[in-house]
Amino acid sequence: MSEKPQGSGTSSPIFQAIEQMQGSLPWGSFLDAGTGRKSIEWITALDTERWTAITASQNMARTVQEAAGDRRRPQDRVLVGNWHSEHLLYGERFDTVLLDYFIGAIEGFSPYWQEQALHRIRPHVGQRLYIIGVEPYVPSEPDTEAGRLVREIGRVRDACLLLSGSMPYREYPSPWVLRQLGQAGFRVMETRYFPIRYRERFVNGQLDLALRQLDHFTDPGTAESMRGYIEQLRARALPIARQKEGLKYGADYLISAEPMADRHRSFEDPLQRFYGQAGEQAGEQE
């Protein structure tokens with residue numbers, strides 16, 4: 001009988017849920033496909049054989065390296081790369097793969113590529129895939145004051161990013177992800193939802209992000225008008241965020257899945273053809 005993988009002691013309900021879902025299955029080799037400080041701090045506390053963390057941002061790579069600190073072993077690595085490249089991690093497979101708010105972040109690096117993401121990841125998943133996401137709140141129509149404030153904060157943040165020439169994240173709902181998993185050849189094991197209470201940190205963090213974009217506006221008058229609107233929104237949102245209930249709205253979701261055999265796939269894996277051709281070409285060159 002296998003021993004239960006060592007727990008991390010994390011305070012995150014979502015990471016705790018992943019540890020429960022993992023049960024007695026060893027973590028083995030671990031891929032953090034869209035790494036960040038929180039995910040790498042959790043992963044480095046797990047009993048893994050090795051881990052690989054991928055980010056498209058040099059700044060995030062430095063942040064992750066600092067967060068891992070002396071818990072980073074010789075076999076562990078932080079790589080800068082874009083999953084849009086078919087050569088990233090070519091031929092490598094990992095026992096456990098984490099997509100931590102990964103699909104929502106794709107828009108900032110590879111717009112219009114989201115429907116290919118799970119097909120791209122599948123060849124690298126050996127045993128278990130975990131996907132964390134947030135149900136979209138920017139396009140929603142809330143019926144509570146808290147919900148309307150969360151939506152308004154999200155919209156002003158995204159508006160400022162666009163007007164400054166940057167790309168906002170684009171979150172996808174869990175039903176969309178579940179459909180994509182089936183098409184990419186995964187069997188969904190379990191789905192859980194975690195209601196969100198946004199606090200003061202969310203309000204200030206998102207609105208401060210919006211403020212940082214104003215220096216890149218082409219029209220100073222628009223920037224100053226937006227600055228006043230942002231601070232007025234902060235004044236309305238903070239008193240509610242500081243209450244016991246906070247800004248209660250929406251939910252994070254966690255999906256666990258396993259790769260199915262190729263014969264059970266709904267659609268052909270476009271990367272399978274690529275890998276086959278690459279192998280043939282390599283053989284010809286030899």
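These are my notebook entries on helix packing, buried residues and backbone angles in a predicted model.

**Entry 1: α6 against α9**

I began with helix α6, residues 145-163, and looked up how it packs on helix α9, residues 220-241; the angle between them is about 150° and their axes lie 11 Å apart. Because an angle over 145 degrees counts as roughly antiparallel, I recorded α6 as roughly antiparallel to α9. The handedness of this crossing came out as left-handed.

I then listed the residues that make the contact: α6 contributes E145, L149, E152, I153, V156, C160 and L163, while α9 contributes M226, Y229, I230, L233, R236, A237 and I240. Sorted by character, the residues of the contact of α6 with α9 give eleven nonpolar and three charged, with no polar ones. For the spacing within such lists I kept a general point in mind: an α-helix has 3.6 residues a turn, so residues three or four places apart point the same way.

**Entry 2: α6 against α8**

I next looked up the packing of α6 with helix α8, residues 200-213, and found an angle of about 25° with the axes 8 Å apart. Since angles under 35 degrees count as roughly parallel, α6 and α8 are entered as roughly parallel to each other. The crossing of α6 and α8 is left-handed.

On the α6 side the contact is made by V150, I153, V156, R157, C160 and L161, and on the α8 side by F202, V203, Q206, L207, L209, A210 and Q213. I counted these residues of the contact of α6 with α8 by class and wrote down ten nonpolar, two polar and one charged.

**Entry 3: R157**

Is R157, a residue of helix α6, buried or exposed? Its relative accessibility is 10%, and because the cut-off for buried is under 20%, R157 counts as buried. I looked for a polar partner and found that the side chain of R157 makes a polar contact of 2.8 Å with the side chain of Y137. With neighbours within four places in sequence left aside, the residues in contact with R157 are Y137, V138, Q206, L209 and A210.

**Entry 4: α1**

I turned to helix α1, residues 13-22, and asked how many of its ten residues are buried. The count is seven of the ten, so α1 is largely enclosed by the rest of the structure. The buried ones are I14, F15, A17, I18, E19, M21 and Q22.

To see what covers these buried residues, I noted helix α2 (37-43) together with the strands β4 (94-100), β5 (125-134), β6 (186-198) and β7 (247-259) as included in the cover. Following α1 I found G23, which has a positive phi near 55°.

**Entry 5: α5 against α7**

For helix α5, residues 114-121, and helix α7, residues 174-184, I read an angle of about 45° and axes 9 Å apart. I recorded α5 as oblique to α7, and the crossing in which α5 passes α7 as right-handed. The residues that meet are Q114, E115, L118 and H119 in α5 and W176, V177, Q180, L181, Q183 and A184 in α7. In the contact of α5 with α7 I counted five nonpolar, four polar and one charged.

**Entry 6: Q114**

I looked more carefully at Q114, which is found in helix α5 and which, at 2% relative accessibility, counts as buried. Q114 and V177 are separated by 63 residues in sequence, and their C-alpha atoms are 9.8 Å apart in space. Not counting residues up to four places away in sequence, Q114 touches I103, I106, E107, Y172 and W176. What does the side chain of Q114 reach at 3.4 Å? I found the backbone nitrogen of Y112 at that distance.

**Entry 7: positive phi at Y112 and L89**

Most residues other than glycine have a negative phi. I therefore set Y112 apart, because it is not a glycine and its phi is positive, at about 70°. Y112 is placed in the loop between α4 (102-105) and α5, and with 66% relative accessibility Y112 counts as exposed.

L89 is another residue other than glycine with a positive phi, here near 60°. L89 lies in the loop between β3 (77-80) and β4. Its relative accessible area is 5%, and I entered L89 as buried, whereas Y112 was entered as exposed.

Key: Residues are numbered from 1 along each chain as its sequence is written. This is a predicted model: local features need pLDDT of at least 70, side-chain atom pairs count only at pLDDT 80 or more; totals for chains, interfaces and linings use all residues. Side-chain values use heavy atoms; hydrogens and water are left out. Axes are lines fitted to C-alpha atoms, for helices over the stretch in contact, and angles run from 0 to 180 degrees between N-to-C directions. Helices (H or I, at least four residues) and strands (E, at least two) are DSSP runs, numbered from the N terminus. Angles under 35 degrees count as roughly parallel, over 145 as roughly antiparallel, 65 to 115 as roughly perpendicular and the rest as oblique. A crossing is left-handed if the near helix is turned anticlockwise from the far one by less than a right angle, and right-handed if clockwise. Contact means heavy atoms within 4.5 Å. Ala, Val, Leu, Ile, Met, Phe, Trp, Tyr, Cys and Pro count as nonpolar, Asp, Glu, Lys and Arg as charged, and the others, Gly among them, as polar. Buried means under 20% relative accessible area, exposed over 50%, partly exposed in between (1.4 Å probe, protein chains only). A polar contact is a pair of N or O atoms within 3.5 Å; within protein, one must be able to donate a hydrogen and the other to accept it, and residues adjacent in sequence count only if both atoms are side-chain atoms.
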